Amino acid sequence: MFLTITTTGSDGRPATDLGFVLHKHPGKAQAFSTAYGTAHVFYPEADDGRCTAALLLEVDPVALVRRGRGKGRGGAPDSALAQYVNDRPYAASSLLAVALSTVFASALKGQCKARPELPAQPLPLRLDLPAVPARGGAELVRRLFEPLGWTVRAEPVPLDAAFPEWGDSRYVRLGLEGEHTVAEALRHLYVLLPVLDDAKHYWVAPDEVDKLLRAGEGWLADHPEQKLITGRYLARRWSLTRDALERLELARLAEADDTAAEEIDNAVEESAETEAGEPAGTEAAEPAEATEQAGGAGERPVPLAVQRRAAILGVLREVKAARVLDLGCGQGQLLGDLLKEPRFTDIVGLDVSMRALQETRRRLRLDRMPERQSERLRLVQGSLAYTDARLKGYDAAVLSEVVEHVDPPRLSALEYAVFGAARPRSVVVTTPNVEYNVRWESLPAGHVRHRDHRFEWTREEFRAWSGEVAERHGYEVEFRPVGPDDPEVGPPTQLAHFRLAADRVPVPAPARPASVPTTALTPAKEARA
């Protein structure tokens with residue numbers, strides 16, 4: 001199989017700079033051993049005006065069979081001859097992609113010790129591959145490469161030029177032209193060659209997700225064929241595909257928020273011992289009022305998190321909600337309670353944290369859940385900082401211990417996304433009452449209950465915010481205590497129930513936050529794949 005990379009020079013930039021970027025001297029012909037044969041690198045032409053680097057991969061069919069027996073299309077255990085007679089030595093596929101990563105490793109990473117400024121400079125490039133397997137034809141080739149800024153030339157190769165009536169084969173002669181860095185061009189080929197072939201010569205393990213995301217950094221998250229690329233690259237292993245898509249979505253959301261992915265993927269603690277909203281160690285040391293509320297002295301107190309979920313479920317039952325959104329679902333405790341009641345027929349759990357959604361799947365045992373029950377639940381990765389058309393039309397939405405995790409300047413974005421755009425008939429919001437913190441013996445004075453809390457409101461502050469939100473968006477709001485209602489400092493958790501008022505017109509928001517498209521809903525049944 002054969003690949004050429006050609007560039008032209010300009011004033012002050014000779015074309016032979018390509019040799020520095022590829023780390024291969026234009027005056028030498030070099031050979032590199034690979035697991036399946038020998039890769040040769042040489043330069044058919046190299047001067048200041050034009051330079052072409054060629055990669056010729058000489059595949060050893062015997063080595064291919066011995067190392068890949070029964071894997072991909074390289075080994076065919078049902079036919080001794082088919083193991084040796086195949087298109088692998090001739091057609092650009094995953095074998096060439098692996099050779100690229102082996103021979104041009106530094107160029108793929110965008111590194112050049114001799115001329116460190118060169119890898120970041122876009123060059124006028126032309127890539128030519130005489131035989132590329134394309135399951136999907138020339139049209140698919142264009143759909144994959146044109147969004148990346150390439151001018152695509154994809155000529156179908158006839159099955160036999162002497163018999164045109166036989167039609168075209170599944171191979172194309174591929175030519176790409178465009179202005180890119182060499183690293184970008186190599187990464188595009190590294191990912192998309194196996195995608196076009198829709199096969200790999202080796203077993204696809206979980207580390208392939210990391211390889212895909214590294215090579216796809218900067219372009220895959222926004223590619224219109226992202227799902228097709230991810231699924232084919234990972235050999236349609238759906239658990240790996242789901243993992244890759246979620247990580248891509250998290251990266252895209254982080255970029256939209258101009259922050260690091262680790263900052264917004266913080267919903268699951270590494271060793272969380274208590275549920276969000278309670279300081280560690282307080283469940284066993286609640287005030288006496290909690291014991292009394294649980295049923296009398298001497299009985300085990302009901303954890304505040306359990307009381308909170310019971311209060312939320314009570315509101316949802318009152319309004320006869322059937323389709324419910326759990327926004328900021330975290331580890332899925334409320335989702336588990338919702339699934340226990342058949343009245344809730346359509347449940348969506350949304351969280352920005354991929355780890356939280358993975359923990360939800362594990363805790364709820366979605367892989368073992370009966371299909372009839374799992375069809376009621378969908379998990380979505382997304383951010384409440386942006387509007388999302390998929391969240392419209394629901395009976396109720398729950399924001400349980402969520403608002404205090406949002407930076408105050410972003411609260412208006414969350415407000416519009418939920419109350420202005422999604423507009424469920426009911427919204428239940430719970431948040432800690434900072435006045436009650438003095439009753440937690442284990443909580444140091446002046447500390448919030450959770451290290452990720454951006455703030456904690458007093459009862460007056462929460463009522464003021466809720467009233468303004470209700471007024472702006474045409475809701476009516478009532479407040480309820482959750483947990484023991486202390487006569488001096490109030491309850492540990494405060495709950496606001498917003499109900500859409502049919503006779504009230506919402507006040508237009510001064511500025512609407514941007515709407516960012518998100519990945520498709522993830523049915524729970526996909527978790528079993």
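1. How many of the twelve residues of α16 are buried? Eleven of them are, so this helix is largely enclosed by the rest of the structure. Keep in mind as you read on that we are looking at a predicted model. The buried set in α16 is L411, A413, L414, E415, Y416, A417, V418, F419, G420, A421 and A422. Note that a glutamate, E415, is on that list.

2. As for what does the covering, the elements over the buried residues of α16 include the strands β8 (323-327), β11 (396-400), β12 (426-432), β13 (475-482) and β14 (493-500), along with helix α17. The geometry of α16 (residues 411-422) checks out too: at 1.5 Å a residue its twelve residues should span 16 Å, and the end C-alpha atoms sit 15 Å apart, which agrees. Just past the helix, have a look at R423, which takes a positive phi of about 50°.

3. Helix α17 (residues 459-473) deserves a stop at S466. This serine counts as buried because its relative accessibility is 0%. Once neighbours within four places in sequence are set aside, S466 is in contact with V477, F479, A496 and F498.

4. Helix α12 (residues 304-318) makes a handy comparison for geometry. Its 15 residues reach 21 Å from first C-alpha to last, close to the 21 Å expected at 1.5 Å a residue. The buried positions in α12 are L304, A305, Q307, R308, R309, I312, L313, G314, V315 and L316. So two arginines, R308 and R309, turn up in the buried set, and I'd click on both. After α12 comes K320, again with a positive phi, here near 55°.

5. Now the nonpolar cores. In soluble globular proteins, nonpolar side chains tend to be buried together. Here the largest core has 69 residues, and within it F145 and V191 touch the most other members. Helix α6 (residues 182-197) gives the most to this core, with ten residues. Beyond its neighbours within four places in sequence, V191 is in contact with L212, A215, W219, I229 and Y233. There is also a second, separate core of 30 residues, and L304, V315, V324 and V489 are among its members. Two of those, L304 and V315, are also buried residues of α12.

6. On to the strands around the N terminus. Strand β1 (residues 2-8) is mostly covered, with five of its seven residues buried. It pairs in the antiparallel sense with β4 (residues 50-59) over seven bridges. T7 stands opposite C51 in β4. On relative accessibility C51 comes out at 0%, so it counts as buried. β1 also runs antiparallel to β5 (residues 123-133), with four bridges joining the two, and T6 has R126 as its bridge partner in β5.

7. That same R126 is worth a second look for its side chain. It forms a salt bridge with D128, the closest N and O atoms being 2.9 Å apart. Are the two partners buried or exposed? D128 is buried, with a relative accessible area of 19%, just under the 20% cut-off. R126 counts as partly exposed because its relative accessibility is 32%.

8. The structure holds 27 salt bridges in total. In helix α14 (residues 354-364), R362 and E359 lie three residues apart, about one turn of the helix. The closest N and O atoms of this pair are 2.4 Å apart, a distance I'd look at by eye. R362 counts as exposed because its relative accessibility is 53%, whereas E359, with a relative accessible area of 17%, is buried.

9. Another pair reaches further along the chain. D407 forms a salt bridge with R454, with 3.0 Å between the closest N and O atoms. This one links distant parts of the chain: D407 is in the loop between β11 and α16, R454 is in the loop between β12 and α17, and 47 residues separate them. D407 is partly exposed at 32% relative accessible area, and R454 is partly exposed at 36%. Elsewhere, D17, R115 and E117 are joined into one network by salt bridges that share partners.

10. Last, the cysteines. How many disulfides are there? The count comes to zero. Besides C51, there is C112 to look at: it has a relative accessible area of 7%, so it is buried.

Terms used. Residues numbered from 1 in each chain as written. Predicted model: local features only at pLDDT ≥ 70, side-chain atom pairs only at ≥ 80, totals over all residues. Heavy atoms only, no water. Buried < 20%, exposed > 50% of the residue type's maximum accessible area, 1.4 Å probe, protein only. Contact = heavy atoms within 4.5 Å. Expected span 1.5 Å × (residues − 1). Core = buried A, V, L, I, M, F, W, Y, C linked by side-chain atoms within 4.5 Å. Disulfide = S-S within 2.5 Å. Salt bridge = Lys/Arg side-chain N within 4 Å of Asp/Glu carboxyl O. Pairing = 2+ DSSP bridges.
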